[in-house]
Amino acid sequence: MDNRAIGVFDSGLGGLTAVKELMRLLPEESIVYFGDTGRVPYGTKSNETIIRYTMGDIRFLNTFDLKAIIIACGTASAIALPAVRGKCSVPLVGVAAPAARAAVRATKNKKIGIIGTPGTIRSGAYETLIHKQDASIATISQACALFVPLVEAGWTENEVARLTAQQYLQPMIEAGVDTLIMGCTHYPLLVRTIARVMGDRVTLIDPGAETAREVKDSLQKNDMLSAGAEKEQYRFFSSDCVDGFTELGSRFLERPIAGHVQRIDIDQYTPKEETQR
């Protein structure tokens, strides 16, 4: 047994999709979540900046006694994870690999679509992970830069969201994909809109949910499940407005989190640019 908490971070609120699944699958586990809402989105920034931000996020979470850290940001998982994996004292788990494995299992016609932030799509990480498992699978990718701001604004099911999704997803429909990876943990918050556009014959892969399932399996296998939650089971931290985080976070998690969110200065944990050269 291991009663230490699980750390989770994302560029904003999207990683709460992974937290919600962790809460459901592992109700005895304690969770520390950091949402870098002051610097969202990561996906439009340079690789160097994404790695630097990720290092800062990990340094902050390492101030807690954790048994694992989930990088619940598709962009950070795709771009920064290889660079930071050896710089953390606890296991780091990204969301890209579990999602890629789930997509390969799900596809019947070997046509997989990938949507993500510009940074994630630019990295080609999902394509690499998929083709390592099955080189015969055809992939089509699309950067969806407007999805994160729509989610952060709470515009997930209105006409603006539908028209934006239709524009982004039309190439996937025309390519005939039967499986679509929502390659950013913000995107499952648009799942109803995406599902309406793609149709019920397309399987949607939620990276956060797939990662939560794999984390559960790993903790069980290694006898690291918690015997009981800490007194303060869920702690949330933001680099920007606490009120906005509390309101949207409660909506995404479908439970109140008022009084459990603190603002922190993430800059004090983030390495300066010159140290990365």
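In this predicted model, strand E3 and strand E4 (residues 92-94) run parallel and are joined by 3 bridges. On its other pairing, E3 (residues 66-71) is matched with strand E1 (residues 5-10), again in the parallel sense, over 5 bridges. The points below begin with these strands and then turn to the nonpolar cores, the pockets, the cavities and two serine residues.

**Strands**

- Strand E3 is mostly covered, since 6 of its 6 residues, numbered 66-71, are buried.
- Ile70 in E3 has a partner in each of the two pairings, standing opposite Val8 and also opposite Val93 in E4.
- In a regular strand, the side chains alternate between the two faces of the sheet.

**Nonpolar cores**

- The largest nonpolar core has 47 residues, and those with the most contacts inside it are Val8, Ile115, Phe147, Leu169, Ile194 and Phe236.
- Helix H1 gives the most to this core, with 6 residues.
- Val8, which stands opposite Ile70 in E3, is thus listed both in the strand pairing and among the residues with the most contacts inside the largest core.
- Not counting residues up to four places away in sequence, Ile194 touches Ile115, Phe147, Leu169, Leu180, Met182, Tyr187 and Leu204.
- A second core, separate from the largest one, has 29 residues, including Phe60, Leu61, Ile79 and Ala80.

**The largest pocket**

- The largest pocket has a volume of about 540 Å³, and 21 residues line it, of which Lys20, Pro188, Leu189, Phe252 and Glu254 lie nearest its centre.
- Four helices each supply at least two residues of this lining, namely H1 (16-25), H10 (191-198), H11 (207-221) and H12.
- The largest share, 5 residues, comes from H1, the helix that also gives the most to the largest nonpolar core.
- By class, the lining of the largest pocket divides into 8 nonpolar, 4 polar and 9 charged residues.

**The second largest pocket**

- The second largest pocket has a volume of about 220 Å³, and of the 16 residues that line it, Ser77, Leu81, Arg85, Ala96 and Ala97 are the closest to its centre.
- Two or more residues of this lining are given by each of helix H3 (74-79), helix H4 (81-84), strand E4, helix H5 (96-106) and helix H7 (125-133).
- Helix H5 provides the largest share of the lining, 4 residues.
- The lining of the second largest pocket has 11 nonpolar, 2 polar and 3 charged residues.
- Helix H5 is itself mostly covered, with 8 of its 11 residues buried, and these buried residues are Ala96, Pro98, Ala99, Ala100, Ala102, Ala103, Val104 and Ala106.

**Cavities**

- Rolling a probe the size of a water molecule over the atoms shows where empty space is left.
- The count comes to 2 cavities of 30 Å³ or more.
- The largest cavity has a volume of about 50 Å³, and it is lined by Ser11, Pro41, Tyr42, Gly43, Cys73, Gly74, Thr75, Thr117, Val148, Cys184 and His186.
- The lining of the largest cavity divides into 5 nonpolar, 6 polar and no charged residues.
- The second largest cavity has a volume of about 30 Å³, and it is lined by Pro41, Thr44, Thr117, Pro118, Cys144, Ala145 and Val148.
- By class, the lining of the second largest cavity has 5 nonpolar, 2 polar and no charged residues.
- Pro41, Thr117 and Val148 are named in the lining of the largest cavity and also in that of the second largest.

**Two buried serines**

- Ser77 is found in helix H3, and it counts as buried because its relative accessible area is 7%, with the cut-off for buried lying at under 20%.
- Leaving out residues up to four places away in sequence, Ser77 touches Ile71, Pro82, Gly94, Val95 and Ala96; of these, Ala96 is, like Ser77, one of the residues closest to the centre of the second largest pocket.
- Ser250 lies in helix H12 (residues 242-253), a helix that supplies at least two residues of the lining of the largest pocket.
- Ser250 is also buried, because its relative accessible area of 18% falls under the cut-off of 20%.
- Apart from its neighbours within four places in sequence, Ser250 is in contact with Phe245, Arg255, Pro256, Ile257 and Ala258.

Note on methods:
Residues numbered from 1 in each chain as written. Predicted model: local features only at pLDDT ≥ 70, side-chain atom pairs only at ≥ 80, totals over all residues. Heavy atoms only, no water. Buried < 20%, exposed > 50% of the residue type's maximum accessible area, 1.4 Å probe, protein only. Pairing = 2+ DSSP bridges. Contact = heavy atoms within 4.5 Å. 1 Å grid on protein atoms, 1.4 Å probe; cavity = no way out; pocket = protein on both sides within 12 Å on 5 of 7 lines; lining within 4 Å. Points joined across faces, edges and corners; volume = space filled by probe spheres on them. Nonpolar A, V, L, I, M, F, W, Y, C, P; charged D, E, K, R; others polar. Core = buried A, V, L, I, M, F, W, Y, C linked by side-chain atoms within 4.5 Å.
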